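Here is a friendly walk through one protein model, written for someone who will have it open on the screen. We will look at its salt bridges and at its ligand site.

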Amino acid sequence: MEHHPLVSWPEHGLIRSARWASRHRLPESLVTAGDELRADHFVRWARRGRAVLWRGDHRTARQVLAAAKRRLEPRATGFREHRLATARRAHLLSRLVVELDAGHRLALRHGPDVADACGQVLPAGPLLIPLTELLGVLGAHRWRTEGLRVPVLDRRIHPHHGVFAPTRQEYLDLVAGAPWPDPVTAFDIGTGTGVLALLLAHRGARHVVATDVEPRAVACARENTAGHGIEVLRTDLFPPCRADLVVCNPPWLPGVPGSSLDAAVYDPGSAMLRGFLHGLPHHLTPGGEGWLVLSDLAERLGLRTRDELTGTIAAAGLTVLDRLDVRPRHRTDRGPFAAQRAAEVVSLWRLAVADRPATPGVGPPAAGTRAVRCRLP
Ligand SMILES: C[S@@+](CC[C@H](N)C(=O)[O-])C[C@H]1O[C@@H](n2cnc3c(N)ncnc32)[C@H](O)[C@@H]1O
């Protein structure tokens, strides 16, 4: 349950209050300001822990935000330092705040209609929310209503706010094109929008179970997969049974997530990756296959080595049947890590239980070892 503390501030001789709807910590103080505020001034206040409650024109607020963003451009060179600097910038920018009334309306000149978008994902108003986060809610709402076209499924997928959206789809082509083991049961571990679960059902898996730890992802996957006979469970990694095919596209960079969306990209200490690999032998039926979808960007950024990955696969008692590679189509040639991103390769590792047992003492608790084949409905 997210916590939304009350914030109070003086305005026109009154003490006003609203709930704080942000992943960023509360500001030390809050002042109201409008169109006269310059970006430099805002940045100075933000650095001192003071937030600005915007009362001017919505367009001017966006200009101030854009100018402050340029002034706070991170200059760090290493990936970890750059991430820290980017998080620090996001925190400072979060100090430009707007108010939403009890009906989630934004009372600013030229302000857009945000009530529907905010009503779906924010707690009851009145609220104070950083303008950056309000813009995020609006962008996510557009995706949720319009959906994202997924050619391999010949349909649209509707990502929810804070759920990983399949914008880069080369990994879907990998899963669509890999030799099909004709599974009766298949799992999609860490399902997000449910897109891979749908693809498994589309390719012919008769019983598909999808899991995720994030409640928003579970709700989103249930909505997207409704009517396809797919079971979506909120659970850590595996359901308590076995399948003929187990697919996982885990967060691909080791690191601590800073937000719920970050949790789809950053995996603290590669815990999900290792948990998936070590749990896999206990959740595959005899002769079953595990498909791990993973980008090598972490290796290119010096965050993980190839030997660490293949060592974990072997220590889990797995063997690599094959590896299918694809180069991302949407290359970015901007930003500090453009070269690494341009060279990135996404792979589908086809894994099976090795004849040799797993390294003793390495791996997950034995919770899954008694797992049985999933019963068909
Ligand atoms: C990179 S996203 C992939 C989403 C989706 N499968 C896809 O391919 O578009 C990783 C997903 O794993 C989920 N996740 C992270 N840790 C998990 C865990 N321990 N158990 C289940 N799901 C987890 C995240 O919430 C996120 O939805």
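Let us start with Arg 149, which is partly exposed because its relative accessibility is 44%. Please keep in mind throughout that this is a predicted model. The partner of Arg 149 in a salt bridge is Asp 154, with 3.8 Å between the closest N and O atoms. Asp 154 has a relative accessible area of 61%, so this residue counts as exposed.

A second pair to click on joins Arg 105 and Asp 101, whose side chains form a salt bridge with an N to O distance of 3.1 Å. Arg 105 is exposed, at 52% relative accessibility. Its partner Asp 101 is partly exposed, with 27% relative accessible area.

Now turn to Glu 289 and Arg 350. Are these two residues buried or exposed? Both Glu 289 and Arg 350 are buried. They too form a salt bridge, and their closest N and O atoms are 2.9 Å apart. Glu 289 belongs to strand β15 (residues 284-295) and Arg 350 to strand β17 (residues 346-353), so this pair ties together parts that lie 61 residues apart in sequence.

Here are the three pairs side by side:

| Salt bridge | Closest N to O distance |
|---|---|
| Arg 105 and Asp 101 | 3.1 Å |
| Arg 149 and Asp 154 | 3.8 Å |
| Glu 289 and Arg 350 | 2.9 Å |

How many salt bridges does a search of the whole structure find? The search finds 19. Salt bridges also link Glu 11, Arg 16, Arg 55 and Glu 99 into a network.

The ligand site is the next stop. Around the ligand there are 19 residues, and those that come nearest are Tyr 171, Gly 190, Asp 212, Asp 236 and Asn 249. Sorted by class, this shell holds eleven nonpolar, five polar and three charged residues.

Which residues place a polar side-chain atom by an oxygen atom of the ligand? Tyr 171 does so at 2.6 Å, and Asn 249 does so at 2.9 Å. Val 213 uses its backbone instead: an N or O atom there lies 3.5 Å from a nitrogen atom of the ligand. On its own, the ligand has 590 Å² of accessible area, and the protein covers 93% of that.

If you would like a place to begin on screen, try Tyr 171 and Asn 249, which are both among the residues that come nearest to the ligand. Then move over to Glu 289 and Arg 350 for the buried pair.

Notes: Residues are numbered from 1 along each chain as its sequence is written. This is a predicted model: local features need pLDDT of at least 70, side-chain atom pairs count only at pLDDT 80 or more; totals for chains, interfaces and linings use all residues. Side-chain values use heavy atoms; hydrogens and water are left out. A residue is near a molecule or strand if one of its heavy atoms lies within 4 Å of it. A polar contact is a pair of N or O atoms within 3.5 Å; within protein, one must be able to donate a hydrogen and the other to accept it, and residues adjacent in sequence count only if both atoms are side-chain atoms. Accessible areas come from the Shrake-Rupley method with a 1.4 Å probe; for residues, only the protein chains shown count as cover. Ala, Val, Leu, Ile, Met, Phe, Trp, Tyr, Cys and Pro count as nonpolar, Asp, Glu, Lys and Arg as charged, and the others, Gly among them, as polar. A salt bridge is a side-chain nitrogen of Lys or Arg within 4 Å of a carboxyl oxygen of Asp or Glu. Buried means under 20% relative accessible area, exposed over 50%, partly exposed in between (1.4 Å probe, protein chains only). Helices (H or I, at least four residues) and strands (E, at least two) are DSSP runs, numbered from the N terminus.
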